[in-house]
Structures are given as structure tokens and as C-alpha cells.
Amino acid sequence: MGSHNETSSMMNPLEPEEFRRQAHLVVDFLADYYSNIEKYPVCSQVEPGYLTKSMPKSAPLKPEPIETILQDVQKHIIPGITHWQSPGFFGYFQTNGSTGNFLGEMLLTGFNTAGFNWLASPAATELEMIVTEWILELLQLPKSFSFSSNGGGVIHGSTCESFVCTLIAAREKKLKQLGADQRGDLCKLVVYCSDQTHFSLQKACQVVGISPDNVRSIQTKKSVNFQLSPDALLTAIESDVRAGLIPLYLCLTLGTTPTTAVDPLLTLSEIAQRYHIWTHVDAAYAGSACICPEFRHFLDGVEGATSFSFNPHKWFLTTLDCCCLWVKDQTDLTNALSNDPELLKNKASDSKQVVDYKNWQIALSRRFRAMKLWMVLRSYGVTGLQQVIRKHVKLAQHLEAQLSADGNFEVVVPRNFATVCFRVSPLALTSVPNGSTNDDLANHLTRTLLESLNKTGLVYMTHAVIEGIYVIRVAIGATLTDEKHVNMLWDMVQEHASGLLAKYADIK
């Protein structure tokens, strides 16, 4: 049995002054990291298994000082990081950050609340309600999505989580309408989307029991900028109804991942309403832009949606994880996701005068995500957020203009926001190998160009394949990206393409 002296000499893992000292060291470490971020290759250059070879086989038996730990972070961890905050990061969609967000993360981690119901942390619940109402107003979403009606907003971790929750809500609502003995109808439920919809919807459907055979991924066309066609949707729905299937859920996208296409919300949601289909609008990427009046028209028709989500952790100076979801009828979520164990019963919940967010999500516990979003909104204001978005859009406009003016390249789809999709132009190729077409060669050269640019470590981009066309996606949106970085990228594109095209084209 331990003695009193042994107990009194035990370390305190949360001693305030030592926390202060170590936290200052970590903040200094991160500040230096951002000061030097352009010195690192944007995409990590390590080989698989590199970290296993350099780390001890067992956890340390004794405590180690923070100074030693940070040395190992610098030596072993940073080489294995792909630097998403680098100004040369143009891949995927950005997950940009800010000082206000980082400080908000410090606060929410420091408070470390579970926040599953109102009583567990009233401030966490009420601040989440407040910030979702603030953003609802910024986006000019219909009042039917507000707590002042029967709607409301919640902060999830990801779009996939919001897909799962809204699919469950739609499923349970539909099955209840069909009757309590109609569980066998689960295999008849059908989900509709376009072939440009984010692939996480497919995963969400699997999670909630929708057969992959019942997910209609409707083909889109370059001729209409890869929007979901109302005629194609209607044809698919009518075919399913004739076959005895049950239309359940339609996912529309504002800013698809491959090309940032925008589905025509009004027309498509009107079709869905005719068949009593739950309509979800996924604005994960482009929702942020709609706080700028010049982009708000992309949301026209959102009043026909049943639910709407966007990710502040993409383009709203807020880091992972943060996805805002609004529903028109909060009871759709709570009827499907609620439980009421004795352990959690309390007077506030019983009064029905508070929101218990555990009933709006899959998990019980939840992070105080509203704190960082509140910090961002207060630290930069609406005008500051608009300024960041407009800067990135202006940089993308400039790059699009440069590419369009150069005959060696083709901008494959019109730019909607701050992502540019381009390829080596087939029209620039005057010498094509036998057995190949201009498009085949253009695909090969574009793929080779992307690999060549990424190998430099100065930039990182990703690709998409649309209607058989291989395109390079340039997603501009990292917080630190400025005009000089986009100009550098353009210079690199011209230089690397020049060498590739020398054999096949008359260089323009």
C-alpha cells in the first residue's frame, strides 16, 4: 500500500504554471513552423513505414520533458506531414485556419466539456445555437431552418456525419409513413445524386442500410457544366416508382469536388417535393462563399430543401472538424436519433425548453466546436471573412485568365469559385503517335505535368477525370496563399509544360 509521502510526491498532470510554461513553448514552436512553412515540401516525401523505423518499440516508462518531445516532432513528425496550410497547397479543397480559430481550439480543449445535453454544459449548447443562427442569417437561409420556427442548426464533425444523420431521419420518417409493419420496405428505398456528388454519400448509404444497388448516381455532362439534369432525375424517379421502389432522398451539391459544379436547386427540389423525397443540399465547399452577396444567387431555391450543410473547416478560417447542418423540422432528427436513459434524466431536459444535441447526432459526447467558430466570427467579422474569400476568388480568376489566353492549355469547365480545372489542350498537339488520339495524348501529358509539378515539392495539386478528360484541379484557398504563390505556380506550369510539349506541339 502506497505511503502518504508517495502520494504527495506524485506528479500533477495539470499544474497551472507548468501548463503555462509548456504551452508557451508549443505556441512558439507552431509560430516558427508557420514562419518556415515554405521551406518544407508541400506534399510529404517519406516512404511508407518511415515512422515505424524511427520510433521506439515501446512507450516510455518515465516522463519525458516537452523540449525533448518537440525536438522529436521537428525531427520525425514534420517530415511526414503534408502541409495543408502551405501557400503552395492547391490540392483537394483547403482546410484553412487562423489565429482566432487556434485560440478557440485552445479554449474548447482547455474546457474539455462533453456537452451531450444542455445540463452537461449549458454554454456549449447555447453558443452552438447562437452561431448556427448567426450563419443562417449570413447565408440568408429561409427562416424555416431557424430555431425560431421548428428547425435549427447543429455542428457535426463532417459532411459524412450529416449525411448519415439526415439519411437516418429520412429513412425513419418514410418507414413510419408506410406503417409500423413495413420494415421490409427498407430494401426498396432509393437515394438519388449525381456522378459528381461526394463519394462519402455512398458510404453513408451503406451505414444506414441502403443497398448500393439503390443509389442512383445520375450521369452528368460537360455540355451543362456537370450539373444534375432535372430531366434525368425525373426519368430515374419515374422508372423506380414503376418498378415498385420508394424514392427516399435526393442529394444536391453546391460546389462539387471534381469541378465545383452547382446543381439547379429550385428545379430539382420541386421535382423531389412531388414525390415526397427528402432533399439535402451539400454546400461543404462553396457554402462559405455565399456569405458574399455576389455568390448568394447560387443558393437560390434552397427554400425547397429539407436540410442544408456546409463546412466552415474548408473556407471559413476554421480548422477541422466543423460541419454545420440545418434542418427544417428538428423533430425529424430527434425522433430518429433520441434516447432517454435514466442516467441522463434531468429537469431541464424534461421541461422540453432546451436542446439536447445528443439527439441530433450519432455519438453521445461532443466537442465544444461552437467555441472556435464563435472565435472566428468575432475575430474577423463578416467583412474579414468576405475579404479572404474574395482574395482567393480573384487569384483564381487571374490564373483562369492566364490559362485561357495560352493556346497550350484548356480550362475544361468554367470557374465558379476559387478552383480552376485545366489540362494540356488537345488542339495544341500537332504530332500524335499512331493508335492514339489527341485526347488520349492530352490526358497522358496532363497527368505527367501534374506529377512533374508535384515532385518539385513547391506546390501540390490533385486531379479529376470527367467525361474521360484528365484535369488538374487548382484549389486556391490556403490562408497563407498570396498572388506571388499563384504567379509562381503559373510560371512552373509554363516551364514544365514547355518541355513536355516540345515533342508533340508547336509551342505557343
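Here is a guided walk through this predicted model, from its domains to its sheets and then to its empty spaces.

Let us start with the overall layout. The domain assignment splits the chain into domain 1 (16-41 + 44-81), domain 2 (114-367) and domain 3 (386-505). If you look from domain 1 to domain 3, their C-alpha centres are 35 Å apart.

Now turn to the sheets. Strands of a sheet pair through backbone hydrogen bonds, either parallel or antiparallel. One open sheet has seven strands in the order 1-7-6-5-4-2-3, and its pairing is mixed. At its edges you will find strand 1 (152-156) and strand 3 (215-218), each of which pairs on one side only. From one strand to the next, the twist averages 20°. For a view of the pairing itself, follow strand 5 (residues 278-282) alongside strand 6 (residues 307-310): the two run parallel and are joined by three bridges. Within this pairing, H280 has S307 of strand 6 as its bridge partner.

Two helices help to frame this sheet. Helix 10 (residues 265-274) packs on it, touching strand 4 (246-253) and strand 5, and the direction of helix 10 makes about 170° with that of strand 4. Helix 6 (residues 122-138), in turn, lies across strand 1, strand 6 and strand 7 (323-327), running at about 110° to strand 1.

A further open sheet has four strands in the order 8-9-11-10, with antiparallel pairing. Its edge strands are strand 8 (409-411) and strand 10 (462-466), and each pairs on one side only. Here the twist averages 40° from one strand to the next. Strand 8 pairs with strand 9 (residues 419-424) in the antiparallel sense over three bridges, and E410 stands opposite R423 in strand 9. Helix 14 (residues 370-405) packs on this sheet, where it touches strand 8, strand 9 and strand 11 (469-475); its direction makes about 20° with that of strand 9. Helix 15 (residues 438-455) lies across strand 8, strand 9, strand 10 and strand 11, and runs at about 120° to strand 9.

With the framework in place, we can look for open space. Rolling a probe the size of a water molecule over the atoms shows where empty space is left. The largest pocket holds about 690 Å³ of space. It is lined by 33 residues, and those closest to its centre are F93, H198, F199, T257 and K314. The elements giving two or more residues to this lining are helix 7 (159-178), strand 2 (189-194), helix 8 (200-207), helix 11 (312-315) and strand 10. Domain 2 and domain 3 each supply at least three residues to the lining of the largest pocket. By character, that lining divides into 10 nonpolar, 19 polar and four charged residues.

The second largest pocket has about 590 Å³ of space. Of its 21 lining residues, E18, F19, R20, Q22 and A23 are the closest to the centre. Helix 2 (16-35) and helix 5 (99-111) are the elements that give two or more residues to this lining, and helix 2 gives the most, with eight. The lining of the second largest pocket comprises 12 nonpolar, five polar and four charged residues.

Finally, there is one cavity of 30 Å³ or more, with a volume of about 30 Å³. Its lining consists of G115, A124, T125, E128, Y357, R366, R367 and F368. These divide into three nonpolar, two polar and three charged residues.

Technical notes
Residues numbered from 1 in each chain as written. Predicted model: local features only at pLDDT ≥ 70, side-chain atom pairs only at ≥ 80, totals over all residues. Heavy atoms only, no water. 1 Å grid on protein atoms, 1.4 Å probe; cavity = no way out; pocket = protein on both sides within 12 Å on 5 of 7 lines; lining within 4 Å. Points joined across faces, edges and corners; volume = space filled by probe spheres on them. Nonpolar A, V, L, I, M, F, W, Y, C, P; charged D, E, K, R; others polar. Pairing = 2+ DSSP bridges. Axes fitted to C-alpha atoms, helices over the stretch in contact; angles between N-to-C directions. Contact = heavy atoms within 4.5 Å. Domains from an automatic or database assignment.
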